[in-house]
Amino acid sequence: QVRLAENGGLSVQTGGSLRLSCSTSGITNSNYCMGWFRQAPVEEREGVASYYLRYGDNYYADSMKGSVAASYDWDKNTLYLQMTNLKPEYTAMYYCAAAPSTSFSSCRVLSAADFRTWGRGTQVTVSS
């Protein structure tokens, strides 16, 4: 059973940086799409970035492209989201998610409905 646990959310000022982490367990092969999503109050959950474990391919949604970079450390079984040049509109709960996948093309869709396993989230607050 795959389990995910996010960490690293903080309150920061505009222009600051953060690195979110998502510890994983139960992922036994590389045929997985990992996703980062965000959800602000009264908003729908929105895809931010995806990372295909098999080849290390990334996809970034337009909303935060240029401010985020996803990576995975196989030694630590941890997914990361490096966030830079943070803006107040990035304030949200950030979630990581996992879905079995045999191709990057499906990973690029970054639809929340396609992901089976979710963490509990970590709060990022950006103040002006």
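Student: How many disulfides does the structure hold?

Tutor: Two disulfides. Keep in mind that this is a predicted model.

Student: What makes C22 and C96 a disulfide?

Tutor: Set the distance against the cut-off. The sulfur atoms of C22 and C96 are 2.0 Å apart, and a disulfide needs two cysteine sulfurs within 2.5 Å, so this pair counts. The angle about the S-S bond is 55 degrees, and this link of C22 and C96 is right-handed. C22 sits in strand β3 and C96 in strand β9 (residues 92–100), so the bond ties together parts that are 74 residues apart in sequence.

Student: And how do you know that C33 and C107 are joined?

Tutor: Here too we look at the sulfurs: C33 and C107 have an S to S distance of 2.0 Å. The limit is 2.5 Å, so the pair is a disulfide. The link of C33 and C107 is right-handed, with 80 degrees about the S-S bond. C33 belongs to strand β4 (residues 32–39) and C107 to helix α1 (residues 104–107), so this bond ties together parts that are 74 residues apart in sequence.

Student: Why are C33 and C107 called buried?

Tutor: Buried means under 20% relative accessible area. C33 has 3%, so C33 makes the cut. C107 has 0%, so C107 does too. C22 and C96 are both buried as well.

Student: What is the pairing if you number the bonded cysteines in sequence order?

Tutor: The pairing is 1-3, 2-4.

Student: Let's zoom out. What makes the chain as compact as a globular protein of its length?

Tutor: First, the parts: the chain has one helix and 11 strands. The radius of gyration is 14 Å, close to the 14 Å that the globule rule gives for 128 residues, so the chain is as compact as a globular protein of that length. Along the principal axes, the C-alpha atoms fill a box of roughly 40 × 25 × 25 Å. Buried residues make up 44% of the 128.

Student: What share of the contacts between residues at least 6 apart in sequence join residues at least 24 apart?

Tutor: That share is 61%.

Student: Which strand pairs with β1, and how do you know that they pair?

Tutor: β1 pairs with β3 (residues 18–25) in the antiparallel sense, over five bridges. Pairing takes at least two bridges, so five is enough. One of the bridge partners is easy to look up: L4 has T24 as its partner in β3.

Student: Which side chains of β1 are buried?

Tutor: β1 (residues 3–7) alternates: L4 and E6 point to one face and are buried, while R3, A5 and N7 point to the other and are not.

Student: Which residues have the most contacts inside the largest nonpolar core?

Tutor: M34, W36, V48, L79, L81, M83 and Y94, in a core of 30 residues. Seven strands, β3, β4, β5 (46–52), β7 (68–73), β8 (78–83), β9 and β11 (122–127), each supply at least two residues of this core. The largest share, four residues, comes from β9. Apart from this core lies another, of 10 residues, with A61, A97, A99 and C107 among them.

Student: What does M83 touch?

Tutor: Beyond its neighbours within four places in sequence, M83 is in contact with G16, S17, L18, L20, M64, S67, V68 and Y94.

Student: Why is S30 called buried or exposed, when it lies in a loop?

Tutor: S30 lies in the loop between β3 and β4. Its relative accessible area is 19%, and the limit is under 20%, so S30 counts as buried. Leaving aside its neighbours within four places in sequence, S30 is in contact with Y52, L53, R54 and W74.

Student: What sort of phi do N77 and L110 have?

Tutor: A positive one: about 50 degrees for N77, although N77 is not a glycine, and about 55 degrees for L110, also not a glycine. Most residues other than glycine have a negative phi.

Student: How do you know whether N77 and L110 are buried, partly exposed or exposed?

Tutor: N77, in the loop between β7 and β8, has 33%, which falls between 20% and 50%, so N77 is partly exposed. L110, in the loop between α1 and β10 (117–118), has 10%, which is under 20%, so L110 is buried.

Terms used:
Residues numbered from 1 in each chain as written. Predicted model: local features only at pLDDT ≥ 70, side-chain atom pairs only at ≥ 80, totals over all residues. Heavy atoms only, no water. Buried < 20%, exposed > 50% of the residue type's maximum accessible area, 1.4 Å probe, protein only. Rg over C-alpha atoms; globule rule 2.2 N^0.38 Å. Contact = heavy atoms within 4.5 Å. Core = buried A, V, L, I, M, F, W, Y, C linked by side-chain atoms within 4.5 Å.
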